[in-house]
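Let's take a walk through this protein, starting from a single residue and working outwards. Have the viewer open and follow along.

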Amino acid sequence: MRFSSHTQGSPCWVDLATTNQAAAKAFYADLFGWVCQDNPMDETGNVFYTMAMVDGAFVGGMYEQPEDQRQAGIPPHWMIHLAVDDVDAIAARVPELGGTVGAPPFDVFEAGRMSIISDPAGAHVAFWQAKDHIGAGVKSEPSTIHWCELLAGDPAAATAFYTELLGMESETMAMQEEGEYTILMSAGVGVSGVMAMPEHLRERGVPAHWSVYFQIEDLDAAVAQVTAAGGRVALPPKDIATVGRIAYLLDPQGAGFGLTQPESA
C-alpha cells in the first residue's frame with residue numbers, strides 16, 4: 001500500500017543503528033531486494049545515512065551506531081518512528097504521563113522534526129513530524145514494514161500511555177497461546193500491537209521494546225537465507241490463525257527484526 005502521509009500514532013519509519021553499516025546494507029539488500037542510497041551526514045563525507053527503497057519508494061534507513069551507544073552497552077537495533085502532528089506538544093506531555101524524553105524535539109534538516117522518548121515501561125520509540133519526508137512511502141507489501149509491536153511487562157499501562165498521549169483507540173482480543181493482544185488504532189485503523197512480554201524473555205531480563213516485522217513472500221526461504229548469511233533465529237517460523245506465518249531473527253550484527261508472511265499473501 002502506497003502512502004502520501006501517515007496518521008498520528010502510525011508507525012511511519014524504521015531505521016537501523018548497526019555496528020557495521022556496510023555489512024548490514026549488503027545483508028538487507030540481499031534479503032529484501034532493497035536499493036540503497038547513501039546520504040552524507042556531515043561535511044567530511046565519511047558519515048552516511050542509508051535510505052532503502054523498494055520500487056522507488058522509501059521503506060527504511062540505517063546508520064553506523066554512535067560510539068556512546070556502544071560504550072553504554074546498547075546493542076544494534078531497529079528504532080520505530082511513530083507519526084505525530086506536533087512533536088513539540090507531544091514530547092511536552094510525555095513526562096506527565098510517566099515517560100521520559102531522551103532527545104528533545106530537534107530538526108532533521110528539512111526532512112522533519114523528531115524526538116526520542118522512553119515510555120513508562122522503558123521502551124524507546126521515536127516521534128516523527130514530517131516536513132519534506134513523510135517516512136515510508138509504502139507498507140504492507142513484500143520487503144516493507146508490515147507491522148510494529150510493543151512487548152511490555154504491563155500491556156494495559158502501555159496501552160493507556162499511547163492512547164492518551166497520541167489520541168489513539170485500542171481493541172483487545174484473546175489469543176490461543178499468548179494471552180491477550182491489544183491493537184492500537186489510528187483513525188479507526190489498526191496500526192500496531194501491544195502484548196505482554198513472553199515469560200522466556202522476561203526470565204532473561206529482556207527489557208520492554210518495540211519490534212518491526214517486514215512482510216516477505218516466502219518466510220521459510222527467507223529464514224534459511226538469514227541463517228546462511230550469519231544471522232540467527234530467535235523465534236522459529238510459526239503459524240498464527242488469521243495472521244499468517246511469522247518468525248523473529250537477529251541479523252549478523254545482532255539487531256532483532258521480524259518477518260511475516262500474511263495469511264492472505
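Start at Val206. If you ignore the residues within four places of it in sequence, Val206 is in contact with Met197 and Leu201. To find the spot, look at the loop that runs between helix 5 (199-203) and strand 13 (209-215), which is where Val206 sits. Is this side chain's residue buried or exposed? Neither, quite: Val206 has a relative accessible area of 25%, so it falls in the partly exposed class, because buried would require under 20%. For a sense of distance, pick out Gly45 as well: it lies 161 residues from Val206 along the chain, and the two C-alpha atoms are 37 Å apart.

Now zoom out. Keep in mind that this is a predicted model. The protein has 6 helices and 16 strands. Its radius of gyration is 17 Å, close to the 18 Å that the globule rule gives for 265 residues, so the protein is as compact as a globular protein of that length. Along the principal axes, the C-alpha atoms fill a box of roughly 50 × 45 × 40 Å.

What about the inside? Of the 265 residues, 46% count as buried. Take the contacts between residues at least 6 apart in sequence, and 59% of them join residues at least 24 apart.

Last, the outside and the charges. About 12300 Å² of the protein is exposed, with carbon and sulfur atoms supplying 53% of that area. The protein carries 12 positive and 34 negative charges, and the mean positions of the two sets are 3 Å apart.

Notes
Residues are numbered from 1 along each chain as its sequence is written. This is a predicted model: local features need pLDDT of at least 70, side-chain atom pairs count only at pLDDT 80 or more; totals for chains, interfaces and linings use all residues. Side-chain values use heavy atoms; hydrogens and water are left out. Helices (H or I, at least four residues) and strands (E, at least two) are DSSP runs, numbered from the N terminus. The radius of gyration is taken over C-alpha atoms; the globule rule is 2.2 Å times the number of residues to the power 0.38. Buried means under 20% relative accessible area, exposed over 50%, partly exposed in between (1.4 Å probe, protein chains only). Contact means heavy atoms within 4.5 Å. Accessible areas come from the Shrake-Rupley method with a 1.4 Å probe; for residues, only the protein chains shown count as cover. Lys and Arg count as positive and Asp and Glu as negative; His and the chain ends are not counted. The place of a charge is taken as NZ of Lys, CZ of Arg, CG of Asp or CD of Glu.
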